[in-house]
Amino acid sequence: MNINKVNIDKARRDFGRHLRLERGLADHTVEGYLTDVGHLAAFAEEHDIAVENMSRADIESFICCLHDMGISPRTQARMIAGIRSFFKFLKIESIISDDPTQLIESPSIGRHLPDVLTVEEIDAMIATLPPDKEETLRNHAIIETLYGSGLRVSELTDLRISRLALDEGYVIVEGKGSKQRLVPLSPASVELISEYLPRRNEGPIKREGEDILFLNRRGAPLTRVMVFYIIRDAAALAGIAKKVSPHTLRHSFATHLLEGGANLRAIQEMLGHESIATTEIYLHLDRRRLRAELENHHPHFARK
């Protein structure tokens, strides 16, 4: 139950001062907590709930949303810690009388749960690709596209040349349930794909691979297993001890955007968790907003 209506911007500022002055937390920890509260406030606004009136069920719905987006358990646990601290602060300040996070449990962080790569680890994987091998350019484009756009491996292996719009930096992706969405490509992805296409076209191309972007040496579409080996081997050569797969790059995409402060709704759209009936309908959405989220919050989009 709320006691006073919360001005969320003022509450966040006061919370930040509390964390710095009374709890003595480091600046990066404070900024992380404030970002977490910002994500929760955006979720509450989207669902027409006042933050001070959020129940335990509302908080659990927010956490389920993070899980559905592929946000790593470790990041979920950190966000829950920040949100717990915020509600504890509101109670200390007599803004609320009941703390809805009191019985919320953090996800278990076990070794069997998905890992998230750092930007440095992803760059290290790319650096291990041997410059003298024919498939290196293709593999570099694959890693950048998986991480830069958050694609599922099945979406990557089914990317169609006819659905590329390199001049605009987008590709039409067909996801689960044959639903299509427009996904921004990072500048690095655009550059690598543009360089790869002429080489691809010089080799043998089987009928089933004519419109498929990424092909094997025989001109057939790459399989999901082959992409798994490409990612696994690059991680091993980079000395990364984590269990790495194509889906790890998707987890990393979502986690890095979230930690950078990107809008939850935009991340959901880019991951393909929205029900979009047709590409024509989706094209009427504000695609510039999605690109802005990436350019502002994704490490590889920020590079010039």
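Which helix holds Val-225? Select Val-225 and you land in helix α9, residues 224–237; helices here are DSSP runs of H or I with at least four residues, strands are E runs of at least two, and both are numbered from the N terminus.

Before moving on, a word about the model. It is predicted, so to speak of local features pLDDT of at least 70 is needed, side-chain atom pairs count only at pLDDT 80 or more, and totals for chains, interfaces and linings use all residues. Residues are numbered from 1 along each chain as its sequence is written, and side-chain values use heavy atoms, leaving out hydrogens and water.

**Stop 1: a patch on the surface**

Keep Val-225 selected and add Met-226, Phe-228 and Tyr-229. Together Val-225, Met-226, Phe-228 and Tyr-229 make a nonpolar surface patch of about 340 Å². Patch members have over 30% relative accessible area and no salt bridge; like charges are joined within 9 Å, and nonpolar side chains (Val, Leu, Ile, Met, Phe, Trp, Tyr) within 5 Å. Areas come from the Shrake-Rupley method with a 1.4 Å probe, and for residues only the protein chains shown count as cover. Val-225 is partly exposed, at 48% relative accessible area; buried means under 20%, exposed over 50%, and partly exposed in between.

**Stop 2: the cores**

Next, select Phe-15, Phe-62, Phe-86, Phe-87, Leu-90 and Ile-267. These have the most contacts inside the largest nonpolar core, which has 42 residues. A nonpolar core is a set of buried Ala, Val, Leu, Ile, Met, Phe, Trp, Tyr and Cys residues joined through side-chain atoms within 4.5 Å. Color α1 (8–22), α2 (27–46), α3 (56–68), α4 (73–92), α10 (246–259) and α11 (264–271): each supplies at least two residues of this core. Helix α2 gives the largest share, eight residues.

Now center on Phe-62. Setting aside residues up to four places away in sequence, Phe-62 touches His-39, Leu-40, Phe-43, Met-79, Ile-83 and Leu-264, where contact means heavy atoms within 4.5 Å. Another core, of 39 residues, lies apart from the largest one and includes Leu-129, Ile-143, Tyr-147 and Ile-231.

**Stop 3: Phe-253 and helix α11**

Which helix should you look in for Phe-253? Go to α10. Phe-253 is buried, with a relative accessible area of 0%. Beyond its neighbours within four places in sequence, Phe-253 is in contact with Tyr-147, Gly-148, Ser-149, Gly-150, Met-270, Leu-271, Leu-294 and His-298. Draw a distance from Phe-253 to Leu-271: the C-alpha atoms are 9.3 Å apart in space, and the two residues are 18 apart in sequence.

Leu-271 takes you to α11, where seven of the eight residues are buried. Among the buried residues are Gln-268 and Glu-269. Step just past α11 to find Gly-272, with a positive phi of about 85°.

**Stop 4: a three-stranded sheet**

Switch to the cartoon view. Three antiparallel strands form an open sheet in the order β1-β2-β3. The edges are β1 (164–165) and β3 (180–184); each has a single partner strand, so one side of each lacks a neighbour in the sheet. Two strands pair if DSSP finds at least two bridges between them.

Strands β1 and β2 are joined by two bridges, and Leu-164 has Val-171 as its bridge partner in β2. Four residues separate β1 and β2 in a hairpin, and Gly-169 in the turn has a positive phi of about 75°. On the other side of the pairing, five bridges join β2 (residues 170–174) to β3; select Val-173 and you will find Arg-181 of β3 opposite.

**Stop 5: charged pairs**

How many salt bridges does a search of the whole structure find? There are 14, counting a side-chain nitrogen of Lys or Arg within 4 Å of a carboxyl oxygen of Asp or Glu.

Stay by the sheet for Arg-163 and Glu-174, whose closest N and O atoms are 3.5 Å apart in a salt bridge. Arg-163 lies in the loop between α7 (153–157) and β1, while Glu-174 is in strand β2, 11 residues apart. The salt bridge between Arg-152 and Glu-155 has an N to O distance of 2.5 Å, and both residues are buried.

Finish in helix α1, where Lys-10, Asp-14 and Arg-17 are linked in a network of salt bridges.

Conventions
Buried means under 20% relative accessible area, exposed over 50%, partly exposed in between (1.4 Å probe, protein chains only).
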